[in-house]
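Reader: I should like to understand how the descriptive terms used for a protein structure are justified. May I put some questions about the structure shown here?

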Amino acid sequence: MQELVAIAKKEPSTVEDRQRIYSAFRTVISSGAYWRLRSNALSQLRGLLAPGPQAAALDGPTRRLLEHLARHDTPWLRAGAIRFLGMTHDPSYANLYLAAFSDRVGAHVRR
């Protein structure tokens with residue numbers, strides 16, 4: 001995964017190459033793979049799309065994936081997705097964040 005991140009960050013990489021890498025990370029994240037692999041892929045994608053303190057601008061597929069994870073996945077993935085969505089600074093997610101405060105472990109998992 002780190003090699004893909006390095007390729008995506010290299011100056012000569014094309015927009016198409018970066019999009020293919022982002023798509024590959026989304027595929028792993030949404031797969032039925034072991035949660036730690038998925039969590040690591042989520043972290044790597046977050047590092048690519050939200051590398052600094054400025055608000056992260058997410059494409060539609062990434063935003064939809066994060067919203068789904070935040071509502072329906074395992075606790076570690078939900079937490080990672082909420083953290084990632086928080087980096088957008090988008091106030092429309094306030095209800096999602098508030099709902100997470102009363103979340104019970106496994107209560108939302110519907111795979």
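Reader: In which helix does Thr62 lie?

Author: Thr62 lies in helix H4. Please note at the outset that this is a predicted model.

Reader: What makes Thr62 count as buried or exposed?

Author: The term depends on relative accessible area, and buried means under 20%. Thr62 has 0% relative accessibility, so Thr62 counts as buried.

Reader: Which residues does Thr62 touch, not counting those up to four places away in sequence?

Author: Thr62 touches Arg26, Leu45, Leu49 and Phe84. Arg26 also takes part in the contact of H2 with H3, on the H2 side, and Leu45 and Leu49 take part on the H3 side. Phe84 belongs to H5.

Reader: How are H4 and H5 placed with respect to one another, and at what angle do their axes cross?

Author: Helix H4 covers residues 60-72 and helix H5 covers residues 75-86. Their axes come within 7 Å and cross at roughly 135°. An angle over 145 degrees would count as roughly antiparallel, and one from 65 to 115 as roughly perpendicular. The crossing angle of roughly 135° fits neither class, and therefore H4 is oblique to H5. The crossing is left-handed.

Reader: Which residues make the contact of H4 with H5?

Author: From H4 come Thr62, Leu66, Glu67, Leu69, Ala70, Arg71 and His72. They meet Leu77, Arg78, Ala81, Ile82, Phe84 and Leu85 of H5. Sorted by class, this contact has 8 nonpolar, 2 polar and 3 charged residues.

Reader: Why is H2 called roughly antiparallel to H3?

Author: H2 and H3 pack at an angle of about 150°, with their axes 8 Å apart. Angles over 145 degrees count as roughly antiparallel, so the term applies to H2 and H3. H2 passes H3 in a left-handed crossing.

Reader: Which residues bring H2 and H3 into contact?

Author: H2 contributes Ile21, Tyr22, Phe25, Arg26, Val28 and Ile29. H3 contributes Leu37, Arg38, Ala41, Leu42, Gln44, Leu45, Leu48 and Leu49. By class there are 11 nonpolar, 1 polar and 2 charged residues in the contact of H2 with H3.

Reader: How do you know whether Arg38 is buried or exposed?

Author: Arg38 is placed in helix H3, which runs over residues 35-49. The relative accessibility of Arg38 is 2%, and because buried means under 20%, Arg38 counts as buried.

Reader: Which backbone oxygens does the side chain of Arg38 reach?

Author: A polar atom of the Arg38 side chain lies 2.6 Å from the backbone oxygen of Ile29. The side chain of Arg38 also reaches the backbone oxygen of Ser31, at 3.1 Å. A polar contact requires a pair of N or O atoms within 3.5 Å, and the distances to Ile29 and Ser31 meet that limit.

Reader: Is Arg20 buried or exposed, and what makes it so?

Author: Arg20 is found in helix H2, residues 15-29. With a relative accessible area of 61%, Arg20 is exposed, because exposed means over 50%.

Reader: What makes Asp17 partly exposed?

Author: Asp17 lies in helix H2 as well. Its relative accessibility is 27%, which falls between the limits of 20% and 50%, and so Asp17 counts as partly exposed. Asp17 and Ile7 are 10 residues apart in sequence, and their C-alpha atoms are 8.5 Å apart in space.

Reader: How do you know whether Val5 is buried or exposed?

Author: Val5 is found in helix H1, residues 2-9. Its relative accessible area of 11% is under 20%, so Val5 is buried. Leaving aside neighbours within four places in sequence, Val5 is in contact with Phe25, Gln44 and Leu48.

Reader: What is noted about the phi of His89?

Author: His89 has a positive phi of about 60° although it is not a glycine. Most residues other than glycine have a negative phi. His89 is found in the loop between H5 and helix H6. At 51% relative accessibility, over the limit of 50%, His89 counts as exposed.

Methods. Residues are numbered from 1 along each chain as its sequence is written. This is a predicted model: local features need pLDDT of at least 70, side-chain atom pairs count only at pLDDT 80 or more; totals for chains, interfaces and linings use all residues. Side-chain values use heavy atoms; hydrogens and water are left out. Axes are lines fitted to C-alpha atoms, for helices over the stretch in contact, and angles run from 0 to 180 degrees between N-to-C directions. Helices (H or I, at least four residues) and strands (E, at least two) are DSSP runs, numbered from the N terminus. Angles under 35 degrees count as roughly parallel, over 145 as roughly antiparallel, 65 to 115 as roughly perpendicular and the rest as oblique. A crossing is left-handed if the near helix is turned anticlockwise from the far one by less than a right angle, and right-handed if clockwise. Contact means heavy atoms within 4.5 Å. Ala, Val, Leu, Ile, Met, Phe, Trp, Tyr, Cys and Pro count as nonpolar, Asp, Glu, Lys and Arg as charged, and the others, Gly among them, as polar. Buried means under 20% relative accessible area, exposed over 50%, partly exposed in between (1.4 Å probe, protein chains only). A polar contact is a pair of N or O atoms within 3.5 Å; within protein, one must be able to donate a hydrogen and the other to accept it, and residues adjacent in sequence count only if both atoms are side-chain atoms.
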